[in-house]
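Let's walk through this structure together, strand by strand and then outward to the whole assembly. Keep the view open as you read, and follow along by residue number.

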2 protein chains.
Amino acid sequence: MTAARAAILVTGSEILLGRTVDTNSSFIARELDRHGIRVIRTVAVDDHPTSIGDGLRDLLASGADLVVTSGGLGPTHDDVTMACVAEAAGLPVALDERVLARIEQKVAAFAASRGTDPAAYDRGNRKQATVPVGAEVLGPVGTAPGAIVPAGSQRIVVLPGPPAELAQMWPEVVASPLLASLLGGAQPRRVLRLYGVPESEVGDVFADLGGDADGTETTICASRAEIEIVIRHRPDAAAAAAHLADGFRERFGRSLFAEGPERLEEIVLHALRGRSWTLAVAESCTAGLVAARLAEVPGASTVLLGGVIAYADDVKRDVLRVPAATLRDHGAVSAESARAMAEGARRLLGSDVAVAVTGIAGPGGGSDTKPVGLVHVHVAGPGVERALERRWPGTRAAVRDWSATSALHLVRLLVRDA
Amino acid sequence: MTAARAAILVTGSEILLGRTVDTNSSFIARELDRHGIRVIRTVAVDDHPTSIGDGLRDLLASGADLVVTSGGLGPTHDDVTMACVAEAAGLPVALDERVLARIEQKVAAFAASRGTDPAAYDRGNRKQATVPVGAEVLGPVGTAPGAIVPAGSQRIVVLPGPPAELAQMWPEVVASPLLASLLGGAQPRRVLRLYGVPESEVGDVFADLGGDADGTETTICASRAEIEIVIRHRPDAAAAAAHLADGFRERFGRSLFAEGPERLEEIVLHALRGRSWTLAVAESCTAGLVAARLAEVPGASTVLLGGVIAYADDVKRDVLRVPAATLRDHGAVSAESARAMAEGARRLLGSDVAVAVTGIAGPGGGSDTKPVGLVHVHVAGPGVERALERRWPGTRAAVRDWSATSALHLVRLLVRDA
């Protein structure tokens, strides 16, 4: 079976104006990839009916078996995706009374929790219950139903814009009989993820290994301080893919931290859980990012106790008990302060391991000896510790993001080598 | 002058596979909007030369004055954007020795800080210094130079993929003489941002106000617990735009929290700074998100002292001094515990104001009386306090995100009404 091809159409003037970052196309693409469907193009257009209509027509003409849309299903006048999809598919629309009843039930509960009058929602409810005839209606999760709409032999999947609603509706998409013939298994692949290696060195090793063989397709992607190598291959090219993977592994073995898609946060929590170790944080420039990222993972609470956000030096001194002399002699951004912060958090929260981050995120606050981007990380555990000093380039957001990532890696390395 | 039209082409297999969320198109769109350029379409394609070539041709044919690309400038074999742009523009490429020297200087510093051999980067350096003849070369910020490439009367702006590099290169784009004729002022607009109002009620009020007049274009966008109304208008339709803005303001005045694009975090910090009040956080389910979001703003340290991430109940009790009886009788997710957490953080850090968040982010941990999505927020200030209980729908990430947003709003409301 050839892999089915999909295109994604994201609608929303707020996206084309840069007011909202689109995370839906990434979610949809990842999920489609899991089912062996290849996304050939993602397009974002504004809310105008002509823009959405043009986008749908272009993508249906591009040879996609499946077009997935996101957004434009709300109750207000400028949400027109469902009508545009019906037109592109050549189908009339009609009010679906059963869907209306489901929406009204949702709205009643929501209005009650807010103390607003359900009648205020009537016009919107009827609008949202008007769907293409012959479509399979999905949800609603919020108040906006989605749909799977046949367009000849092609399919248009219509999903709401709010990311949480879209994600919650997704299992209905996958289960739909209208898509059963398109969804297959994922294409075979090898994934290698490295930490602390320059991207161009990975490129050189790839060239030395002979590059892609017939039937393999390698991508090398750098983000945060990590590099991800994905080697996709045809089933009959498994040996060539293994040759590449083995070559990378031999060359970068110590830097390899994962051979699958699991998140760094999950890897760190899993490693700590394997030792029955708990974790606390002491965060200055990252101000909670490290803990917040760990807490994204369900069940993080079995490992993560919490921590101290020590943004002000007084908090480092009074709450984390960093000695005043350390702050005075070495400064708050120093290996010594990072170490004292980690020890302080470990003592205060009674955790097995604590990680501290202190740095100069910028744009102000830098000096010749301590420039913007300078970050110290320290991890303290039972009888072990590990320190890292880095100078990250880029914006305040990048420095904080990379600092949090390297803090998580330092915890991982401490546990690995302990 | 008619507004110039732009299209954005984001390249990267990792985006079409959903491994990376594209934030660059949002950044570019927001910046172009500030210069009065209207983005008509954003497209993402994979790294293949044919995909990038097709994307460029489609967008150049779409009537865009300007196509901005992002990504595919790295040192490895699968980064081919610059060559594709040269081909689309009908220009040859050549090694630019001055650009090579600039890259080598950057790489030397980077290699030194990592302790790697600069020679490992040679091949990549030469590849990255090969640019279209006649292009204006930008940067490099990292090691990848960007470019502004003339394509007949159209322009192609070629930017790197790493968001921090792209952002740092942007001022060079805006300053380029090759783009001077396209960059104008922003289209006049009114912005109204509401908190705590149902989207469909805003739609109804909009309809009652008569909807858009000739020359106005209103978008209503809900995200997190907020609604943003943007009324764009032709200069000669200022009165009609004012009529709409006045109507919304009259109806939703108490819910209106901003009439511009400033971020909620900035608004909260500004409000606190106006009273010379400092802030501390006590975060359970959000685990640092509230503080991390505030710390995104440069200069946050004049207001934000830090706080305690009290993920485990022991930390609530031992560090924040939430009475054991409160935790036992009411549970960690209760108005009483939220209040004690806020008071504890205020006392421990010596801040004027403290905000506490405790809730059940899910997917597990819910019960009949305390379902997933239940969140209590409490803000304590000098002689004032304010509490909020909400039940948010959606995923773990959505519950945490909305909780953090409503915590920031609750601080804002406490300061406003104090």
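In chain B of this predicted model, strands β1(B) and β3(B) pair in the parallel sense, with five bridges between them. To find this pairing on screen, look for B:I8, which stands opposite B:V68 in β3(B). β1(B) also pairs with β2(B), again in the parallel sense and over seven bridges; here B:V10 stands opposite B:A44. How many of the seven residues of β1(B) are buried? Six of them are, so this strand is largely enclosed by the rest of the structure.

Part of the setting of these strands is a helix. Helix α3 of chain B, residues 49-61, lies across β1, β2, β3, β7 and β8 of chain B. Its direction is at about 165° to β2(B).

Now turn to chain A, where β1 (residues 5-11) is joined to β2(A) by seven bridges, the two strands running parallel. One of the residue pairs to look for is A:T11 with its bridge partner A:V45 in β2(A). On this chain, have a look at helix α4, residues 81-89, which lies across β1, β3, β7 and β8 of chain A. This helix runs at about 15° to β7(A).

What happens where the two chains come together? Strand β2 of chain A, residues 38-45, is joined by three bridges to β2 of chain B, which also spans residues 38-45, and the two run antiparallel. A:V43 stands opposite B:V43 there. With that link in view, you can trace an open sheet of 12 strands, in the order β6(A)-β7(A)-β8(A)-β3(A)-β1(A)-β2(A)-β2(B)-β1(B)-β3(B)-β8(B)-β7(B)-β6(B), with mixed pairing. Which strands stand at the edges? They are β6 of chain A and β6 of chain B, both residues 136-138; each has a single partner strand, so one side of each is left without a neighbour in the sheet. If you look from strand to strand, neighbours in this sheet are turned by 15° against each other on average, direction ignored.

The contact between the chains can also be counted by residue: 86 residues of chain A are in contact with 85 residues of chain B. Which element of chain A gives the most to the side that touches chain B? That is helix α8, residues 199-208, with eight residues. By class, this side of chain A has 43 nonpolar, 26 polar and 17 charged residues.

How do the two copies relate to each other? A turn of 180° with a shift of 0.0 Å along the axis lays chain A on chain B with an RMSD of 0.0 Å. The two copies are thus related as by a two-fold rotation axis. The same surface serves both copies, as 99% of the contact residues of chain A recur in chain B.

Let's go back inside chain B, to strand β15, residues 353-359. Seven of its seven residues are buried, so β15(B) is largely enclosed by the rest of the structure. B:V353, B:V355, B:V357 and B:G359 point one way from the strand, while B:A354, B:A356 and B:T358 point the other way, and all are buried. β15(B) is joined to strand β13 of chain B, residues 279-283, by five bridges, and these two run parallel. With strand β16 of chain B, residues 374-381, β15(B) pairs in the antiparallel sense over six bridges. B:A354 is a handy landmark: B:A280 stands opposite this residue, and in β16(B) its bridge partner is B:A380.

In chain A, helix α10 (residues 264-274) has A:L264, A:E265, A:I267, A:V268, A:L269 and A:L272 buried. What covers these residues includes β12, β13, α11, β15 and α15 of chain A. After the helix comes A:S276, whose phi is positive, near 60°.

Finally, step back to see chain A as a whole, with its 15 helices and 17 strands. Its C-alpha atoms fill a box of roughly 75 × 60 × 40 Å, taken along the principal axes. Of the 418 residues in chain A, 55% are buried. Among contacts in this chain between residues at least 6 apart in sequence, 66% join residues at least 24 apart.

Definitions and conventions. Residues are numbered from 1 along each chain as its sequence is written. Chains are lettered from A and ligands numbered from 1 in the order in which they are written. This is a predicted model: local features need pLDDT of at least 70, side-chain atom pairs count only at pLDDT 80 or more; totals for chains, interfaces and linings use all residues. A residue is buried if 20 or more other C-beta atoms lie within 10 Å of its own, exposed if 12 or fewer, and partly exposed in between; C-beta atoms are placed from the backbone. Helices (H or I, at least four residues) and strands (E, at least two) are DSSP runs, numbered from the N terminus. Two residues are in contact if their C-beta atoms, placed from the backbone, lie within 7 Å. Ala, Val, Leu, Ile, Met, Phe, Trp, Tyr, Cys and Pro count as nonpolar, Asp, Glu, Lys and Arg as charged, and the others, Gly among them, as polar. Two strands pair if DSSP finds at least two bridges between them. Axes are lines fitted to C-alpha atoms, for helices over the stretch in contact, and angles run from 0 to 180 degrees between N-to-C directions. Copies are superposed by least squares on the C-alpha atoms of residues with pLDDT of at least 70 in both.
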